[in-house]
Amino acid sequence: MNIRTRLTLLFVLLVASIVLLFTVSVYYLYDQFREQEFQQRLQEKAFTTIRLREDVGEVPQADLPVITNEQVTVYNKRGVVLFNQGNQRPRFPVTPDFLRKITLRQPQYVRIGDLEAVGVLHLNSRGEVLLIVASGNDRYGLTKLDRLREILFSGWLLSLIIVGIAGYLFATDALRPVAELITQVNAISATNIHQRLSVGRQRDELADLARTFNDMLTRLEEAFVLQKSFVSHASHELRTPLTVMMGQIEVTRLQARTTEEYEVAFDALLDEVKSMIRLVNGLLELARANSDIVTLNYQPVRIDELLWQAQSLIVSKKPAYQIDIDFDNLPVQEEDLVIVGEESLLQTAFQNLMENGCKYSPDNRMSVRILFMPGKIKLTFSDHGYGISQSDIAHIFEPFYRSESTMTISGHGIGLALTQRIIELHHGSIEVESTVGEGTSFRITLLTSSPLKKQVLQSGEPMSSNS
């Protein structure tokens, strides 16, 4: 059952129940009114009959208000019939218990089938107690009641039909935006993922749903474009060294060469293989940082030790590089040096910034400054190299992006994108300031106090990133 049908049925049931309750209430209240009115007429008939009889004797029935099948019977307090209007046998069966319940202040009423009777007590001029029972059939009242029942029942059925049609139209109108959303969603695919949903009503829940879906499409589009760009650039970067290697091998095989010439060719091939290994490792690290977040294990690490280790690894591979590490201020306590993070990823980020600082500086030198602040650590990686133009700064954290001024320097454009992702995983921030021809500074801020850090320090066990 679709939502429109379910809404229509619920609407019909709700309105039908309300209307039925209303009709039953009207019928019941009118029945009570008719009963009270007829009871009052019977009482008046009883008192009028006994008073006229006491005054003038036998009263012709035609001289009194007429009630269908009416009869007035007078009993004494012992239940003996003293008078029966028309000298007919009483039509209404009166029991001794019914007569005993009649008091001066409390008349008695009873109904059997279509006959209704009222018993009242009357004291005559001689002080005798008389019990008067007036009975009759409220033919006109009951006929009106039957007619009212027919009208109410017919009106209720008619209202169900009207409400059903109105409910269907209402549900159709209410769900029209949903149908439009479904049509728009079905029209979105990988070729037009840039399209967004639109809703005519801007302030209802469906508009909120459309906006939420649009936000999700935006995230999917970003991921889709990023993945497409990643695959394209990765394929290009891998194809280039493979093409170079294949060309060198083909050239080397064209003719016999000396041992020294083969060594030179092999050295060139080895450099290309190393370049490919660095590229593949960078791609693996970037993929790990972007997709395998839940597998990361956070544990307490010292920032200064990570920096010294990164410096040592870079200098061991590139002795010409000079990296200075210094403190702007000393921590109040040793715990201020500790953050909760993934050691290998943080070390990769620091190595990327150090290596870039040295690689893009003519003197192959850069410096790292450590500043301790309440609850956080600020790291500044500075060089006096070529600098980055303002137009390039907006793109330096994009994977595989390289400015025209750095095309002559070896690299693949993965390091800064990976570094930014690693800092984001540690809930930190990274900023860049650069002046062309003067140098570049990267400022990283990492938190040293957090609930996760306290939990890890107390438990002494590493925690995954989804803890």
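# Close-up views of a predicted model

**Figure 1. Aromatic pairs, with Y30 and F33 as one of them.** The structure holds seven aromatic pairs. One of them joins Y30 and F33 in a tilted arrangement, with 6.3 Å from centre to centre and 45° between the planes. The model shown here and in the other views is predicted. A pair of aromatic rings is described by the distance of the centres and the angle of the planes. The angle of 45° between Y30 and F33 is neither under 30 degrees, as for stacked rings, nor over 60, as for edge-to-face rings, and therefore the pair is called tilted. Both residues belong to helix α1 (residues 3-56), where they are three residues apart, so about one helical turn separates them. An α-helix has 3.6 residues a turn, so residues three or four places apart point the same way. Y30 is partly exposed, with 26% relative accessibility. F33 also counts as partly exposed, at 48% relative accessibility.

**Figure 2. The salt bridge between E116 and R34.** In this bridge the side chains of E116 and R34 meet at 3.0 Å, N to O. The pair ties together distant parts of the chain, as E116 is in strand β4 (residues 115-123) and R34 is in helix α1, 82 residues apart. E116 is buried, with 0% relative accessibility. R34 is buried too, at 2% relative accessibility. Both residues take part in a network of salt bridges that links D31, R34, R41, E116 and D138. In total, the structure holds 16 salt bridges.

**Figure 3. Two further salt bridges, K101 with D97 and D304 with R302.** The side chains of K101 and D97 form a salt bridge of 3.4 Å, N to O. K101 is partly exposed, its relative accessibility being 45%. D97 is likewise partly exposed, with a relative accessible area of 37%. In the other bridge, the side chains of D304 and R302 meet at 2.7 Å, N to O. D304 has 9% relative accessibility; buried means under 20%, so D304 counts as buried.

**Figure 4. R139 over the ring of Y140, and a nonpolar surface patch.** R139 lies over the face of Y140, and its distance from the ring centre is 4.9 Å. A nonpolar patch on the surface is made by L158, I161, I162, I165, Y168 and L169. The area of this patch is about 620 Å². One of its residues, I162, is found in helix α3 (residues 139-187).

**Figure 5. Q299 and I339.** Q299 belongs to strand β6 (residues 297-302). The relative accessible area of Q299 is 31%, and the residue is partly exposed. Along the chain, Q299 and I339 are 40 residues apart, while 8.0 Å separates their C-alpha atoms.

**Figure 6. Helix α9 and the residue H427 that follows.** Helix α9 (residues 415-425) is mostly covered, with eight of its 11 residues buried. The buried residues are L416, A417, L418, T419, R421, I422, I423 and L425. After α9 comes H427, which has a positive phi near 55°. H427 lies in the loop between α9 and β11 (429-435). At 65% relative accessibility, H427 is exposed.

**Figure 7. N364, a non-glycine residue with positive phi.** Most residues other than glycine have a negative phi, and most peptide bonds are trans. N364 is not a glycine, yet its phi is positive, at about 55°. N364 sits in the loop between α7 (343-359) and β9 (365-373). With a relative accessible area of 23%, N364 is partly exposed. H427, shown in the view of α9, is another residue that has a positive phi of about 55° although it is not a glycine.

**Figure 8. The whole chain, as context for the close-up views.** The secondary structure comes to 10 helices and 13 strands. The chain has 467 residues, of which 36% count as buried. Among contacts in the chain with a separation of 6 or more, 65% are between residues 24 or more positions apart. The exposed area of the chain is about 28,200 Å², and carbon and sulfur atoms supply 57% of it.

Conventions:
Residues are numbered from 1 along each chain as its sequence is written. This is a predicted model: local features need pLDDT of at least 70, side-chain atom pairs count only at pLDDT 80 or more; totals for chains, interfaces and linings use all residues. Side-chain values use heavy atoms; hydrogens and water are left out. Rings of Phe, Tyr and Trp (its six-membered ring) pair if their centres lie within 6.5 Å; planes under 30 degrees apart count as stacked, over 60 as edge-to-face and the rest as tilted. Helices (H or I, at least four residues) and strands (E, at least two) are DSSP runs, numbered from the N terminus. Buried means under 20% relative accessible area, exposed over 50%, partly exposed in between (1.4 Å probe, protein chains only). A charge sits over a ring if NZ of Lys or CZ of Arg is within 6 Å of the ring centre and within 35 degrees of the ring normal. Patches are made of residues with over 30% relative accessible area and no salt bridge: like charges are joined within 9 Å, nonpolar side chains (Val, Leu, Ile, Met, Phe, Trp, Tyr) within 5 Å. Accessible areas come from the Shrake-Rupley method with a 1.4 Å probe; for residues, only the protein chains shown count as cover. A salt bridge is a side-chain nitrogen of Lys or Arg within 4 Å of a carboxyl oxygen of Asp or Glu. Contact means heavy atoms within 4.5 Å.
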